[in-house]
Structures are given as structure tokens and as C-alpha cells.
Amino acid sequence: MGYRIVVVGATGNVGREMLNILEERAFPIDELTVLASRKSLGTEVSFGEKTLTTKDLDTFDFTGWDMALFAVGSDATKIYAPKAAAAGCIVIDNSSLYRYDPDVPLIVPEVNAEAVHGYAKKNIIANPNCSTAQMVVALKPLHDRATIKRVVVSTYQSVSGAGKGGIDELWDQTKSMYNPTDDKPPKQFTKQIAFNVIPHIDKFMDSGETKEEWKMVAETKKIVDAKIKVTATCVRVPVFVGHSEAVNIEFEEFLDEDEARDILREAPGVMVIDKREDGGYVTPVECVGDFATFISRIRQDSTIDNGLNLWCVSDNLRKGAALNAVQIAELLGRECLKKG
């Protein structure tokens with residue numbers, strides 16, 4: 001006995017990846033339907049060996065469906081997620097709309113699985129920001145051992161975090177650099193992304209930080225521990241898929257780098273590849289298509305009493321979005337619905 005599942009926004013990068021991961025992980029499905037906006041209506045998407053045709057989100061009745069995985073923006077989510085929830089279909093939302101709602105659990109299953117039971121307040125569960133999801137998978141086991149006081153993180157975020165338009169812009173601009181008659185000015189990003197880095201993701205706030213940086217702070221506190229101090233600098237880099245992060249952690253207790261390495265090797269969802277030699281670390285190219293969050297460059301920070309540095313890499317379309325959503329669905333089924 002399986003579940004009746006809806007994927008909303010099935011034609012986008014994250015929606016298609018959700019379908020891939022549902023199939024790869026053999027999620028127990030009795031019936032699956034895929035929804036899209038009117039402009040993408042009728043588009044075909046793949047689910048394993050099957051081809052599915054998208055239906056109209058605007059007219060769809062969610063009654064009788066178990067879960068809806070939403071991979072659309074906040075504006076559409078604001079309209080359709082409450083309709084699905086009111087019809088008894090539990091929403092797992094990939095947008096930022098509900099992440100900071102105290103009545104909506106914000107979940108990374110390896111970190112705060114127990115929060116899933118809070119779904120019933122609104123019939124909605126939030127998926128965290130891609131840059132937060134991979135970081136907290138690494139932070140949680142270390143926090144359990146030595147209690148984290150402060151985190152300083154600088155991100156190197158791929159263009160796929162900005163959707164298909166971001167991927168297209170990097171591709172087109174890179175090609176145009178070798179053709180002086182083919183100018184491709186920035187549209188998706190605020191400055192040229194090809195052969196460049198941009199220290200600006202999302203909108204600027206009055207504090208001087210960007211919304212992306214604020215998200216990392218607020219979400220880490222909600223998912224791991226409200227007492228942790230976090231400061232972030234989020235940067236877009238000319239990489240197609242895979243977010244990287246340089247993370248500096250200050251603990252209340254001393255934590256030796258060797259013990260930290262051992263802890264992370266045993267942590268769920270983490271793969272440690274950390275050799276102090278040429279190529280003994282993971283880069284974004286190598287993480288694409290993988291479920292794991294990769295940790296490298298683990299070392300003491302000698303400038304503070306209880307500090308560590310590490311390098312964190314993950315496929316942002318997977319752990320940062322689609323994989324985490326499917327893992328939440330698995331957790332919800334296992335702990336609450338118990339059908340599959």
C-alpha cells in the first residue's frame with residue numbers, strides 16, 4: 001500500500017529532480033500526478049520509464065491525495081498550498097514562504113526529524129534554503145558533541161540556485177566571451193556571471209546583509225539551536241550545479257580535528273573526503289548527482305580557543321532542494337502516515 005503523490009512545478013529543475021529521486025529511492029507510490037502552470041500545461045516529464053503529462057495546477061482538486069511536493073515560487077505557493085492543505089493533502093514546500101512560520105516545521109531529516117510531528121498544525125512542512133540544508137547536516141553532529149557558539153560561513157553558490165534562467169545565462173555569457181559580436185548583458189544576475197563572482201544573492205536588507213544571508217542565520221537557528229550565532233556572506237559563482245561553503249565554527253568546548261573527522265564520518269548524510277594532498281578534497285563538479293553532503297579540509301582554527309574550519313559541498317538541486325523534500329516525505333510516511 002503506497003501513497004498518492006502530487007508534484008507541483010514538475011517542469012522546473014527542482015520538480016524534475018524530485019521525480020528522479022522519487023523513482024531512484026523507490027518511494028512507495030500508488031498514484032502520481034504532475035502539475036504545472038498554464039504556460040507549461042501539457043509538457044511531458046519523465047518518471048523512471050514512464051512519461052507523464054502535466055495537468056493544470058489552477059483547476060486541480062487535492063482531495064484524496066496524501067502529499068504534495070511543491071517546487072514553485074512563493075507567489076504560487078501562497079495561492080495553492082493552503083488549498084491543498086485544506087483538502088487534507090500534506091504540503092512539503094520548497095519555497096521560502098513558510099520557513100519562518102512558527103506553526104510550520106522546517107526540517108532536515110538528519111538534523112531535526114522529531115519536528116515532523118508538528119505538520120498537523122497547518123498540514124504544511126517547509127524545506128530549508130539550499131545553502132542552509134547542507135551546512136546544518138555538518139553542524140548538527142558537531143554541535144551535539146561540543147556545542148557550537150558561533151558560525152562564520154562564506155558560500156560559493158552555483159547558478160542553478162537561480163533556476164533554469166541562471167544556468168542559461170552562465171552558458172550564454174561564457175560562449176559570448178569568445179565571440180566579440182555576441183554580447184550577452186546580465187539579466188538573471190546583477191553583474192556578469194561568466195568568469196566572475198557576485199557577492200549578492202537575493203535582495204538587500206536594511207542591515208546590509210542580503211536576504212540569502214539572513215535566511216542562513218534564521219534557518220540554522222530554527223533547525224539546530226536558537227542560541228547559535230551565525231554570520232554569512234553569500235556569493236554566486238560561475239558553477240552550473242553544486243554549492244560550496246567555507247565554514248568556520250567556534251565551540252564552547254575544545255574539539256580536536258581528528259575527533260571531528262571521526263564524528264562526521266559516522267554522521268547521517270555526510271561523506272568525509274579529507275586527505276592533505278593534491279586533490280584530497282571534493283569540489284562541486286564531483287558532487288553532482290550524489291545524495292551526500294561532502295566534507296573536506298577539516299582543521300583547527302588556531303586564532304580562537306575552540307575553533308574548526310571545514311569545506312562543505314553538496315548538489316544544491318538534490319540535498320539543497322529535491323532530495324531533502326523526498327526525505328521529508330519518507331519521514332512523514334514512516335513516522336506519521338504509516339501507509340508505505
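**A walk from the tail inward**

Let's start at the tail: Lys338 is exposed, with a relative accessibility of 61% (exposed means over 50% relative accessible area, buried under 20%, partly exposed in between, using a 1.4 Å probe and protein chains only). Before going on, note that this is a predicted model, where local features need pLDDT of at least 70, side-chain atom pairs count only at pLDDT 80 or more, and totals for chains, interfaces and linings use all residues. Residues are numbered from 1 along each chain as its sequence is written, and side-chain values use heavy atoms, with hydrogens and water left out.

Lys338 sits in the segment after α9 (318–337), and its phi is positive, near 55°, though the residue is not a glycine. That is worth a second look because most residues other than glycine have a negative phi. Asp202 is another such case, with a positive phi of about 75°. Asp202 belongs to the loop between α5 (164–176) and α6, and with a relative accessible area of 34% it is partly exposed.

Follow that loop into α6, which covers residues 211–223. Its 13 residues should span 18 Å at 1.5 Å a residue, and the end C-alpha atoms are indeed 18 Å apart, so the two agree (the expected span is 1.5 Å times one less than the number of residues). Which residues of α6 are buried? They are Glu212, Glu213, Lys215, Met216, Val217, Ala218, Glu219, Thr220 and Ile223. These buried residues pack against two helices, α3 (109–112) and α4 (130–146), and against strands β9 (148–157), β10 (229–236) and β11 (243–251).

Now zoom out. The chain has nine helices and 14 strands, counted as DSSP runs (H or I over at least four residues for helices, E over at least two for strands) and numbered from the N terminus. Its radius of gyration is 20 Å, close to the 20 Å that the globule rule gives for 340 residues, so the chain is as compact as a globular protein of that length; the radius is taken over C-alpha atoms, and the rule is 2.2 Å times the number of residues to the power 0.38.

Of the 340 residues, 52% count as buried. Among contacts (heavy atoms within 4.5 Å) between residues at least 6 apart in sequence, 67% join residues at least 24 apart.
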